[in-house]
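Thanks for sharing this one. Here are my notes, set out as numbered points so that you can follow them with the structure open beside you.

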There are 2 protein chains.
Amino acid sequence: MENFEFQNTTRIIFGRDQSARIALEAKKWAGRILLVTGKGSVRRSGLLKKTITLLQNEGLDVWNLSGVQSNPLLSKVKEGIELVRENGIQAVVAVGGGSVMDTSKAVAAGAVLTNGDVWDFFEGRQEIKDALPVLTVPTIAASGSEMNGFMVITNEKTGHKLATGSRSTYPKVSILDPCLTFSVPADYTAYGGVDAVCHLLEPYFNAPAPHTPVQDRLAEGLIETIMKSTESCLAVPDDYEARADLMWGASLALCGLTKAGVGEHHFPVHLIEHSISAIHGIPHGAGLAALLPGWMRWRVKTGHPEKIAQMGRRIFKLESSGLPDAGSSRRQELLAMESIATFENWLSRIGCPSRLMDIGIKADSHEAIAQNALQQATIWGMERQYDKKTITRILAYC
Amino acid sequence: MENFEFQNTTRIIFGRDQSARIALEAKKWAGRILLVTGKGSVRRSGLLKKTITLLQNEGLDVWNLSGVQSNPLLSKVKEGIELVRENGIQAVVAVGGGSVMDTSKAVAAGAVLTNGDVWDFFEGRQEIKDALPVLTVPTIAASGSEMNGFMVITNEKTGHKLATGSRSTYPKVSILDPCLTFSVPADYTAYGGVDAVCHLLEPYFNAPAPHTPVQDRLAEGLIETIMKSTESCLAVPDDYEARADLMWGASLALCGLTKAGVGEHHFPVHLIEHSISAIHGIPHGAGLAALLPGWMRWRVKTGHPEKIAQMGRRIFKLESSGLPDAGSSRRQELLAMESIATFENWLSRIGCPSRLMDIGIKADSHEAIAQNALQQATIWGMERQYDKKTITRILAYC
């Protein structure tokens with residue numbers, strides 16, 4: 001285990017019909033609230049109107065930043081910062097998915113920045129040192145943004161989709177109400193499951209520390225539960241228990257717990273996917289699904305089959321009978337390849353792509369994707385391990 | 001999954017030789033420090049002198065409350081409160097095991113109580129609403145006190161060993177340095193492992209919620225890792241990786257994570273053990289080890305074999321070939337009994353008792369233990385499920 005620091009200060013309120021508590025929680029932090037919401041479903045479902053009424057009934061003044069889209073845009077963040085500054089807003093409440101939560105965090109951090117532009121945070125020119133309090137009510141189980149300090153924003157002028165984060169942008173309170181996710185469509189339910197699994201798989205496979213049994217077991221337990229509950233949610237969309245498992249599993253997947261102690265690692269699949277969705281407008285989870293099996297095959301072929309084989313044994317209960325001798329690298333490789341095939345079957349069962357061609361991305365796009373990803377890799381400080389040649393090779397495996 | 005709230009604000013600094021950072025961390029919170037320590041080892045190892053020097057080199061004024069014993073006493077807590085009040089002390093630093101950390105929390109909460117006695121918190125007459133900041137440097141992996149708000153104190157006048165807790169008594173910072181645990185003797189290393197496993201097993205077996213796959217998988221992963229790493233620590237006491245796994249596993253075991261969502265549950269083994277150690281002066285972990293297999297047998301015989309069987313299948317990889325039909329209650333019972341036997345073998349391998357007779361407690365003591373436990377059960381609000389008859393019956397199984 002490597003040395004680490006861990007702290008997650010977000011207070012979680014979890015359960016059936018808990019979302020109405022947002023008004024009382026928001027009141028503890030502020031009198032003037034920016035309510036951030038997405039494009040359509042929050043309005044159609046009546047959740048927007050209900051939330052505004054709840055907040056106003058508690059005597060809060062509410063401004064609504066609406067219309068946040070998937071792969072959320074910097075222009076919308078700036079619109080929110082303007083609203084906050086003009087109206088002396090003191091806290092940001094996000095009701096929506098990862099894009100809405102990420103936009104809220106960026107607004108909360110950008111609004112208190114006095115010397116510079118909010119995009120400085122994403123390009124690494126400034127660190128976030130302070131932010132308005134953020135409270136979230138997620139409406140989909142996916143990003144885990146409700147229980148961490150990260151945010152991902154797309155600068156539509158440069159075509160860069162970049163991530164940043166800080167201690168100040170951990171939500172103060174997140175209310176996780178699985179009932180709010182009953183109406184998430186099948187495709188986005190599946191993409192959410194893939195996103196959460198990917199948050200676990202990247203540190204699990206990439207960990208430089210050779211000995212991390214605590215972290216491995218935690219990650220494996222969450223991966224298994226998220227995979228199963230995603231299928232159950234698709235079979236019965238209003239299965240409360242399945243939605244609850246998926247929601248809590250997705251939050252824990254990126255709360256920092258399974259990463260703490262595994263050593264410095266990167267998120268290459270997220271890196272490459274950000275470029276794909278920035279260029280091609282693909283939903284994040286679909287892009288991840290199209291990349292994951294290929295990335296795993298690349299890992300096996302470049303000499304790292306161990307953890308993928310371990311996933312096969314422990315999660316998929318793959319037997320090694322009929323395989324070469326225990327401990328041999330050939331056996332590890334065969335088990336790993338069977339593990340990848342099992343994972344692909346899951347993707348197929350939940351209606352997700354598993355290759356780039358499934359989302360219409362052909363070899364002639366690889367160059368542009370790799371070029372964009374390289375720029376982001378440089379900002380993330382991973383350009384040495386993930387140079388353009390490596391990214392192109394990974395894309396070829398996908 | 002049941003509705004729940006979860007928040008754990010403790011900042012963890014984990015790793016090799018990190019304990020020296022305590023002075024800089026303490027300085028963030030206070031200029032006048034109460035350093036709480038135990039009886040002998042902290043002095044013999046030089047850690048006490050080293051810590052005082054570190055704190056003083058940062059310009060901090062240090063008072064030492066030393067000599068905290070296992071099953072820590074209320075009189076020592078009161079001595080600490082006096083020291084704090086007389087000297088305007090602003091923060092409490094615990095360097096030691098669970099007893100030292102629990103004493104520190106009780107001092108921190110008691111020192112700011114203006115109307116009443118610190119024992120009021122334990123008997124439920126007052127709630128802890130505020131406390132001085134507590135920082136911990138644990139020297140043994142066991143109680144998990146470094147990452148929660150709980151404390152257990154024995155009132156030597158009444159013979160009651162009672163627990164309380166609050167949001168205010170979560171340590172602000174805990175520095176987990178596995179190297180500090182290299183010198184923990186074999187018996188206490190084993191008792192620590194048993195304590196941590198017991199913190200996981202009680203909510204795991206007692207959960208009223210029928211469907212808790214996220215919590216089950218997390219608990220199973222931690223139980224398995226703690227069991228294995230305890231054995232590795234006994235084999236090679238300065239095996240850093242094993243000590244690290246045991247230390248982080250023990251902290252996570254009672255950080256609230258595996259309990260969140262399982263519904264209201266009790267800690268009957270801890271309840272009964274507190275009475276045993278209060279009356280007989282047995283080390284906490286030894287008492288738990290002597291009770292656990294009997295408590296499990298009692299659960300099987302009173303119709304709750306499922307989770308114990310699940311532990312057998314998932315952690316001990318017990319096969320069910322040769323057993324009656326899947327799903328039959330007889331099969332569950334047989335698997336559960338085999339699971340208990342496997343657990344007993346582990347206790348025996350790590351040199352722990354597994355029956356009350358192993359720690360010299362005979363049937364003629366059961367009455368007094370049950371009487372004491374019942375009083376505590378009443379304070380914990382579990383006297384209906386754990387009346388004297390039930391406690392006596394559990395003791396008979398042990």
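1. Let me start where the chains join. In this predicted model, strand E1 of chain A and strand E1 (residues 4–14) of chain B run antiparallel, joined by 7 bridges. To find the pairing on screen, look for A:Phe6, whose bridge partner in E1(B) is B:Ile12.

2. Those two strands sit inside a wider arrangement. How many strands does the open sheet have, and in what order? There are 12 strands, in the order E3(A)-E2(A)-E4(A)-E5(A)-E8(A)-E1(A)-E1(B)-E8(B)-E5(B)-E4(B)-E2(B)-E3(B), and the pairing is mixed. The edges are strand E3 (61–65) of chain A and strand E3 (61–65) of chain B, each of which pairs on one side only. From one strand to the next, the twist averages 25 degrees. As a general reminder, strands of a sheet pair through backbone hydrogen bonds, either parallel or antiparallel.

3. Now the contact between the chains as a whole. On chain A, 31 residues are in contact with 31 residues of chain B. Strand E1 (4–14), helix H8 (213–235) and helix H9 (240–253) of chain A are the elements that give two or more residues to this side. E1(A) provides the largest share, with 10 residues. By type, the residues on the chain A side comprise 12 nonpolar, 11 polar and 8 charged.

4. How are the two copies related? A turn of 180 degrees with a shift of 0.0 Å along the axis lays chain A on chain B, with an RMSD of 0.0 Å. That is the relation of a two-fold axis. If you would like a landmark, A:Thr9 has the C-alpha nearest the axis in chain A, 2.4 Å from it. The copies meet through the same surface, because 100% of the interface residues of chain A are also interface residues in chain B.

5. Strand E4 of chain B deserves a look of its own. Is E4 (residues 91–96) of chain B mostly covered or mostly open? It is mostly covered, with 6 of its 6 residues buried. On one side lie B:Ala91, B:Val93 and B:Val95, on the other B:Val92, B:Ala94 and B:Gly96, and all of them are buried, so both faces are covered.

6. The neighbours of E4(B) are worth tracing too. Strand E2 (residues 32–36) of chain B runs parallel to E4(B), and 4 bridges join them. Within this pairing, B:Ile33 has B:Ala91 as its bridge partner, and B:Leu35 has B:Val93. E4(B) also pairs with strand E5 (residues 134–138) of chain B, in the parallel sense over 5 bridges; here B:Ala94 is partnered by B:Thr136.

7. On to the nonpolar core. The largest one has 257 residues, and those with the most contacts inside it are A:Val93 and B:Val93. Leaving aside residues up to four places away in sequence, A:Val93 touches A:Ile22, A:Ala26, A:Ile33, A:Leu35, A:Val36 and A:Leu135. In soluble globular proteins, nonpolar side chains tend to be buried together.

8. One last residue to click on is A:Tyr188, which lies in helix H7 (residues 186–206) of chain A. Why does A:Tyr188 count as buried? Because 20 other C-beta atoms lie within 10 Å, and 20 or more is the cut-off for a buried residue. The C-alpha atoms of A:Tyr188 and A:Ala286 are separated by 8.7 Å, although these residues are 98 apart along the chain.

Terms used: Residues numbered from 1 in each chain as written. Chains lettered and ligands numbered in written order. Predicted model: local features only at pLDDT ≥ 70, side-chain atom pairs only at ≥ 80, totals over all residues. Buried ≥ 20, exposed ≤ 12 C-beta atoms within 10 Å, placed from the backbone. Pairing = 2+ DSSP bridges. Contact = placed C-beta atoms within 7 Å. Nonpolar A, V, L, I, M, F, W, Y, C, P; charged D, E, K, R; others polar. Least-squares fit on C-alpha atoms with pLDDT ≥ 70 in both. Core = buried A, V, L, I, M, F, W, Y, C linked by C-beta atoms within 7 Å. Axes fitted to C-alpha atoms, helices over the stretch in contact; angles between N-to-C directions.
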